[in-house]
Amino acid sequence: MKKQFIAAFMSAVLAMSALTGCGKNPSTPVSNSGENPANFTKQTWNFACSTTETSTWAQAGQKFAELMAESTGGAVTVKVYAADQLTNGNQSEGIQALMDGDPVQISMHSNLIYSAFDPRFNVVSLPYLFDSYADADAKLDGEAGEKLTAILSEYGLHCMGIAENGFRQLTNSVREIKSPADMKNLKLRVAGSNLLMKCYELWGADATNMNWSETFTALQQNTVEGQENPLPAIDAAKVQEVQKYASLWNANYDCLFFCINEDLYNSLTDEQKAIVDENGKKAVEYEREINRSGDDEILSRWQSENGMTVTKTEDLDIEAFKSAVEPVEAWFIEELEKQGYSDAKDLVNAFK
């Protein structure tokens with residue numbers, strides 16, 4: 001199971017293809033102290049992520065590269081390949097390459113992409129599952145996260161930590177969105193997830209899957225009128241240049257699994273594993289910090305430079321949005337059970 005790519009989900013994954021614009025050459029680690037206390041042999045690991053080389057995902061990979069260089073006296077080189085360059089930009093193939101251990105040994109990919117292999121990973125993106133960053137951290141670093149890392153192990157992956165893509169916010173070019181009534185028939189590009197599509201159906205939007213690299217042009221030409229993504233991803237793609245309104249509704253959240261191929265990990269000594277895990281933990285903490293730190297600057301710039309109207313969370317009818325998607329949890333559990341996942345209820349309950 002862990003080596004097979006589930007083709008039935010390919011179309012959904014392609015709708016979330018990576019942001020473009022990265023360089024062709026991989027990033028390399030900084031200089032090191034020359035000390036190698038755990039006696040790592042000289043080796044090179046390739047890190048892959050979906051987003052551009054300026055993204056927080058790639059920056060986390062670079063941080064891990066620096067930490068490994070320092071911890072191993074330069075014995076372990078981690079090369080950072082942004083935008084899934086090693087698999088021609090295909091995110092799902094990037095994960096498959098990680099499972100195979102070639103040409104990817106380490107990666108940071110979204111739970112929404114992982115749902116192409118196992119729909120249980122969609123649990124993280126249930127609507128209004130988290131009420132804050134602190135809540136997300138507590139659950140993903142606790143029992144709920146342990147259940148997800150156990151599932152990752154079924155696919156031959158050792159999870160070093162769970163980073164974040166973040167709360168997915170809504171933008172559009174038509175009107176200010178404050179309640180589900182404002183969503184009616186709004187043409188939105190939604191990430192390739194059956195769960196997200198179900199949410200937007202209940203909110204009344206006219207949602208469609210679309211390749212992320214095609215979204216800016218579609219918004220510019222009014223093929224679609226809006227989209228949803230975390231603020232750093234929206235900003236990196238310059239979507240604010242063709243959108244007039246942003247609603248900070250914190251409806252859905254997605255995380256990033258920072259994984260290393262399990263066969264590679266198991267080939268290490270216990271001392272070496274401890275170093276990898278500690279550096280992985282530090283890289284995740286770093287990614288969470290930088291992913292959150294820019295939100296205020298982004299919103300201020302959108303308003304001052306792009307003239308965007310930003311509707312804050314407290315100005316939205318959040319209870320109406322929550323009420324509209326109340327059936328999603330039961331629907332999600334039923335969908336998993338239909339596919340033979342007997343742990344569906346336990347998995348959802350772990351996040352409560």
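In the predicted model, residues 24 or more positions apart account for 78% of the contacts in the chain with a separation of 6 or more. The chain comprises 15 helices and nine strands. Its radius of gyration is 20 Å, which agrees with the value near 20 Å that a compact globule of 352 residues would have. Along the principal axes, the C-alpha atoms fill a box of roughly 60 × 50 × 35 Å.

Of the 352 residues, 57% count as buried. The exposed surface of the chain amounts to about 14,200 Å², of which carbon and sulfur atoms supply 44%. Side chains carrying charge number 29 positive and 51 negative, and the centres of the two sets lie 3 Å apart.

In soluble globular proteins, nonpolar side chains tend to be buried together. The largest nonpolar core here has 63 residues, and M183, Y200, W203, W249 and F351 are those with the most contacts inside it. Strand β8 gives the largest share of this core, six residues. Another core, of 30 residues, lies apart from it and includes A65, M68, V80 and A82.

F351 was examined further. With neighbours within four places in sequence left aside, F351 is in contact with V123, V124, L129, F130, K139, L140, A144 and L148. Of these partners, K139 and L140 are among the buried residues of helix α5 (residues 133-140), together with D135, A136 and D137. The buried residues of α5 are covered by elements including α6 (143-154), β4 (157-172), β8 (245-261) and α11 (270-293). Strand β8 thus appears both in the cover of α5 and in the largest nonpolar core.

Methods
Residues numbered from 1 in each chain as written. Predicted model: local features only at pLDDT ≥ 70, side-chain atom pairs only at ≥ 80, totals over all residues. Heavy atoms only, no water. Buried < 20%, exposed > 50% of the residue type's maximum accessible area, 1.4 Å probe, protein only. Helix = DSSP H or I, 4+ residues; strand = E, 2+ residues; numbered from the N terminus. Contact = heavy atoms within 4.5 Å. Core = buried A, V, L, I, M, F, W, Y, C linked by side-chain atoms within 4.5 Å. Rg over C-alpha atoms; globule rule 2.2 N^0.38 Å. Areas by Shrake-Rupley, 256 points an atom, 1.4 Å probe, with all protein chains shown as cover. Lys, Arg positive; Asp, Glu negative; His and termini not counted. Charge placed at Lys NZ, Arg CZ, Asp CG, Glu CD.
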